[in-house]
Amino acid sequence: DIKTQFIRAGGAQLGCPNGGFVNGQYTQRWNTVKAYYERTKAIGAKFILLPHDLWGADAVCEVPRWPGDDGDWTEFDRFLSQVIKDAKASGMTGPDVQWDIWNEPDLLTPVIFWGRSQTQYLEMWKRAYRQIRAAIPDAVIVGPSTAGQPSPKWGWFTLYLDFIKENQVVPNYLSWHQLVPDSDPQMSKDDLDQMLAKRGITVEGYQVNEYGSSVSEQQAGPSAWYLGRFERTGVDALRANWGMGGGLYKGMGDLVTDGNQPTPAWWVYRRYAQMNGVMVKVIPGTQVDGAAALDTEQAQVMIVLGSRTEITGDVSIVLQNIPPQLVRDGRVHIRIERIPEGFGPLKKPVVVFDQQIAVSSGVLSLPL
């Protein structure tokens, strides 16, 4: 119902504390990857494969060895050959599969996904990139999926960009995570645009494959705010879904309850998925953002708005250039739903306004 576009998985946390290839427990995780891919394919979405989870580096399991330890890449080469072999056998070689080589290689606390130096990571990236490309020439490769956001002031990311250009191992999609509450996808994209232009690097697009991580961020208001940001920037984005001690495989990033009932945030994505026709320009406020679409066939506009942080008082919404087909006798029908905060089940949003309102010169101001 929410028209899922991406599923990202690698069997994380299964078999812990000794799960994954590096602990001799690869099969369980690969079977999980295969099952998630089949589900992804069935709903017409794209699957993002996570080799780091298959290796066992999921920030929960023990990792006795990392790729390239002591300069020995034999085990990693064998591991990646196995993954590629299994991917081919499972029909996972088309554009509906993306290879996200390693998750959050920059993160050092509170958990670690890459336990070695950036130099060793870059060598791993180069080897993995070339091995995947050699086996599946048209493979869609994603990276570096950092915990931090791209910035010309951040040495880790600038070094990564210089390395991938020099070694001709540029991914199809440059990726990062937007999990810091005061970070902004728009600013991250603008910074990365400048960084790539400076280096003459071109990619197919950007991907924020984790956003909205905390209790405050996985609520209805921030969800709508993020959707507005990503819709405007054109960045592919995936809602974060992670939890330790069994929390990873339930809740869908707090979109459903433990009993798989929709939470308030689910309704934000439901309304967004129901948008048809053409997207409408939304000029955000200082705290409120969102997305809107005009469906000329149904003669209606669907708007989803939200705030990233709690605000009090009215918010003024100004609708401009209202099409004539939406106006009847100088009035338009306005229906407003409130989607509350919280993580409990919500059968449907609360209708707080449902009336005809007069329009003047195609403009309507609406206090919320």
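Trainee: Why is Cys-16 counted as partly exposed?

Mentor: Relative accessible area, taken with a 1.4 Å probe and protein chains only, is called buried under 20%, exposed over 50% and partly exposed in between. Cys-16 has 27% relative accessibility, so it counts as partly exposed. The model is a predicted one, in which local features need pLDDT of at least 70 and side-chain atom pairs count only at pLDDT 80 or more, while totals for chains, interfaces and linings use all residues. Residues are numbered from 1 along each chain as its sequence is written, and side-chain values use heavy atoms, with hydrogens and water left out.

Trainee: What makes Cys-61 buried?

Mentor: Cys-61 has a relative accessibility of 8%. That value lies under the 20% limit, so Cys-61 counts as buried.

Trainee: How do you know that Cys-16 and Cys-61 form a disulfide?

Mentor: A disulfide is a covalent bond between the sulfur atoms of two cysteines. The criterion here is a pair of cysteine sulfur atoms within 2.5 Å. The sulfur atoms of Cys-16 and Cys-61 are 2.0 Å apart, so the pair meets the criterion. By this rule the count comes to one disulfide. The angle about the S-S bond is -120 degrees, and the link of Cys-16 and Cys-61 is left-handed.

Trainee: Which parts of the chain does this pair link?

Mentor: The pair links distant parts, 45 residues apart. Cys-16 lies in the loop between β1 (6-9) and α1 (26-42), and Cys-61 in the loop between α2 (51-55) and α3 (74-89). Helices (H or I, at least four residues) and strands (E, at least two) are DSSP runs, numbered from the N terminus.

Trainee: What is the state of the peptide bond from Cys-16 to Pro-17?

Mentor: That bond is cis, with omega near 15 degrees, and Pro-17 lies in the loop between β1 and α1. The bond from Gly-143 to Pro-144 is also cis, with omega near 0 degrees; Pro-144 lies in strand β4 (residues 140-146). Most residues other than glycine have a negative phi, and most peptide bonds are trans.

Trainee: What is the sign of phi in Asp-70, and why is Asp-70 called exposed?

Mentor: Asp-70 has a positive phi of about 60 degrees although it is not a glycine. Its place is in the loop between α2 and α3. Its relative accessible area is 83%, over the 50% limit, so Asp-70 is exposed. Asn-260, in the loop between β7 (236-239) and α8 (264-273), likewise has a positive phi, near 60 degrees. With a relative accessible area of 57%, Asn-260 is therefore exposed.

Trainee: Why do β8 and β10 stand at the edges of their sheet?

Mentor: Two strands pair if DSSP finds at least two bridges between them. The open sheet has three strands in the order β8-β9-β10, with antiparallel pairing. Strands β8 (278-280) and β10 (300-307) each have a single partner strand, so one side of each is left without a neighbour in the sheet. Neighbouring strands of this sheet are turned by 25 degrees against each other on average, direction ignored.

Trainee: How do you know that β9 and β10 pair?

Mentor: Strand β9 (residues 288-295) and β10 share eight bridges in the antiparallel sense, so the requirement of at least two is met. Val-288 stands opposite Ser-307 in β10.

Trainee: What packs on this sheet?

Mentor: Helix α7 (residues 220-233) does, touching β8, β9 and β10; contact means heavy atoms within 4.5 Å. The direction of α7 makes about 65 degrees with that of β9. Axes are lines fitted to C-alpha atoms, for helices over the stretch in contact, and angles run from 0 to 180 degrees between N-to-C directions.

Trainee: What makes a space count as a cavity, and how many cavities of 30 Å³ or more are there?

Mentor: On a 1 Å grid over the protein atoms alone, a cavity is a set of points where a 1.4 Å probe fits but cannot get out, and lining residues have an atom within 4 Å of a point. Grid points are joined across faces, edges and corners, and a volume is the space filled by probe spheres set on the points. The structure holds one cavity of 30 Å³ or more; the largest has a volume of about 40 Å³. Its lining includes Gln-274, Ala-293 and Met-302. Strands β9 and β10 are the elements giving two or more residues to this lining, and the largest share, three residues, comes from β10.

Key:
On a 1 Å grid over the protein atoms alone, a cavity is a set of points where a 1.4 Å probe fits but cannot get out, and a pocket is an open set with protein on both sides within 12 Å along at least five of seven lines; lining residues have an atom within 4 Å of a point.
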